[in-house]
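Dear colleague,

I am passing on the structure we spoke about, and I would be glad if you looked it over alongside the notes underneath.

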Amino acid sequence: MSNTKEKKFLKLKNQHTWSSIVISVITFTIIFAIINVAVIFFMLYSIDSKVDDEYKIVRQIADIYLNSHNSDVSFEKIAESNGYEYFVRDADGTVIDGDSVNTCSENGGEMGFVFGKRNYTVYEDTEEDYLVYDSAGMVVLNLRNMHWTEDQIALDGGGTAAGKDDETVIATGYADMPLWIGVPLNDNSTFIVKGHIRVRISDFFVLLAIFIAMNIIMLFFLIFRIIRIVGEFSRRRKITELFLVDEVTRGNNRMAFMLKGNQILRKSKNADKRYAVMHLTIVKFRNFCMCHTPEEGNNILVRISAIISQNLIPNEELLAHVSSSSFALLMEAPTDDAVRQRFSTLLERLNDMDMRDAGPMMAGHTQAYRSFQFQAGVQIIEPNIIEGKKKKRKDTGLEHFYNNAVTAKSTLESTADSGIAFFDEKLLEDERWAEMVEEYQQKALDNEEFVVYYQPKYSPDTEELVGAEALIRWQSPEFGFVPPGRFIPIFENNGFITSIDHYMICHVARDQKNWLDAGMKCVPVSVNVSRAHFAESDLAEQIRNMVDEVGTPHEFIEIELTESAFFDDKNAIIESIERLKSYGFSVSMDDFGSGYSSLNSLKDMDLDVLKLDAEFFRGDADPERKAVVISEAINLAKRLNMRTVAEGVEEKDEVDFLSEQGCDMIQGYYFSKPLPKDEYESRMDKRETDTQNDQNESDKQLS
């Protein structure tokens, strides 16, 4: 898993519900406060408006008072008829007109308003004081001292005010706040009128209703939002479980292993610890599943997972089921020997696994699990110590380490036994080399960097050149001389080997044609064709067309296939062999005796040449038994009308023995190593010369 994907997944996984809820609560609290403040400001604005309206009335009364001096109208009568209480006070505070006995105090000041300052002068009432001073010294209304009273209004049937004897009477609550308001006159005196700020309770009820309604709506949306957050978190938990939980074992899967493993490795306390990443595979588990039910196979995996988990340190080591037959482990590894010991202990406990509940087919067969073998590849993660100090692992790349463990395990695939293999630099170098080979392979083919070598085949009786095998070498400008063992296995794995087959057949056919045109006495040359090529139904036609394009007679090209090819589609191989022979090509089996079905292959394949594997002549086996096997193999070939070639022969006594047994050809270092083209031509010239000399000597004897 890449760091970017890992960070995104962790960010999604680690999102907490409570944080989202807290953010939602804070957001809704702010909105709630804004609404409440808005309602309060609206209420205060209403009070300010009433004060402002009352001041305008007082101002109009003051104008009437001033105009009354220039007319016959009596202001006292006007004020009395309208219920106004007023007086005029001069600059010294002496009442010079109006009601000298009043409840207006001399204490007062400029009126303060919520929405700005205005030049209103107000005075306290000695009986009912509703004025206070704010921090700026301004006079404001003290709403807390309001006294609610009841006002009855009678309505007649038409909805107009009537006398109290009417049937319909409405009682409304209100608060009447007396307020002495002063208006300055031109002679520096002040006209003061007792105003009344009346606030009806219905106004507050409307504001209260709006306040309650808005808060109920906000609370509803808050609860709805919290429910959505909790539901979303629950869904995220389920989705996370789908991504991180293995369906079979209900433990960690591969993604969980990478995420949790990186978290373990990145802990500061683990920086100085040495870890092992292990890829553990059940050998031939697929065969078990084919012979039993999938349910029984899953039960086996569950038991194996449980046993391994019991042998790990909780929260410090990790296990995951990563594929049908494989597990991934992250465990502490003080030394390599400690890892081997833990693997050995684990094998013992797996061998003691209880199978009584594995499934109906396993009932009564509690020892059937002993057929299981386990192979493990290990990659060691060294402590992160820099300049003598442990440093927190920031970028661990567990997936890279696990892939290395998989590569190490692949080295055990040639055997079915339990075993453990450690990843080392050589494996890493091999991987890098394979990548470089794949990068340059097509370029090398196009530039004909691959060189054909020829290893001669000689008659053990006459020591005469009777054949050769074409072998490939790579003369690379980048890598120098590369032996086949360094690149042929890579080509076989990536499929490029089929292109090499074509290359070799074309070059051998071309060389043979040139030698024939030069008058040289050629011998058949065998060319290896990979087993992958035999999967193609028109292989025989491909070879025929390539050889015919050059113009080489078919009898000078021998097609050689390895015994391992017979493990593939036998019918397709038999058909290709028959068609090759019908076109005049010889067909040989290479490495006879190295596989497990040699005799069975001979029974079905009509071959021309049998090549005895070099291993017949290696090892410390009983010489007599070895001689019997080789002798019988040669005799079998003769009875099947096949010629025999013994490869890998290096000793004189081996040549003598093979000659006695009737072996037709010998290929090995005793006679010659693989030769470049020009050196092989020299061997052919020597054969031509030797043949001519023998003919001349025979003529002399006859004469």
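The notes below go from the whole chain to one sheet and then to one pair of helices.

This is a predicted model, in which local features need pLDDT of at least 70 and side-chain atom pairs count only at pLDDT 80 or more, while totals for chains, interfaces and linings use all residues. Residues are numbered from 1 along each chain as its sequence is written, and side-chain values use heavy atoms, with hydrogens and water left out.

The chain has 18 helices and 25 strands (DSSP runs numbered from the N terminus, helices being H or I of at least four residues and strands E of at least two). Of its 703 residues, 42% count as buried, that is, under 20% relative accessible area with a 1.4 Å probe, protein chains only.

One open sheet has five strands in the order E11-E12-E10-E13-E16, with mixed pairing, where two strands pair if DSSP finds at least two bridges between them. Strands E11 (318-323) and E16 (419-422) stand at the edges with a single partner strand each, so one side of each lacks a neighbour in the sheet. E11 pairs with E12 (residues 326-332) in the antiparallel sense over five bridges, and Leu319 stands opposite Leu329 in E12.

Helices H12 (residues 497-517) and H13 (residues 539-550) have axes that come within 9 Å and cross at roughly 35°; axes are lines fitted to C-alpha atoms over the stretch in contact, with angles from 0 to 180 degrees between N-to-C directions. The contact (heavy atoms within 4.5 Å) involves residues including His502 and Ile505 of H12 and Gln542 and Met546 of H13.

Best regards

Methods
Buried means under 20% relative accessible area, exposed over 50%, partly exposed in between (1.4 Å probe, protein chains only).
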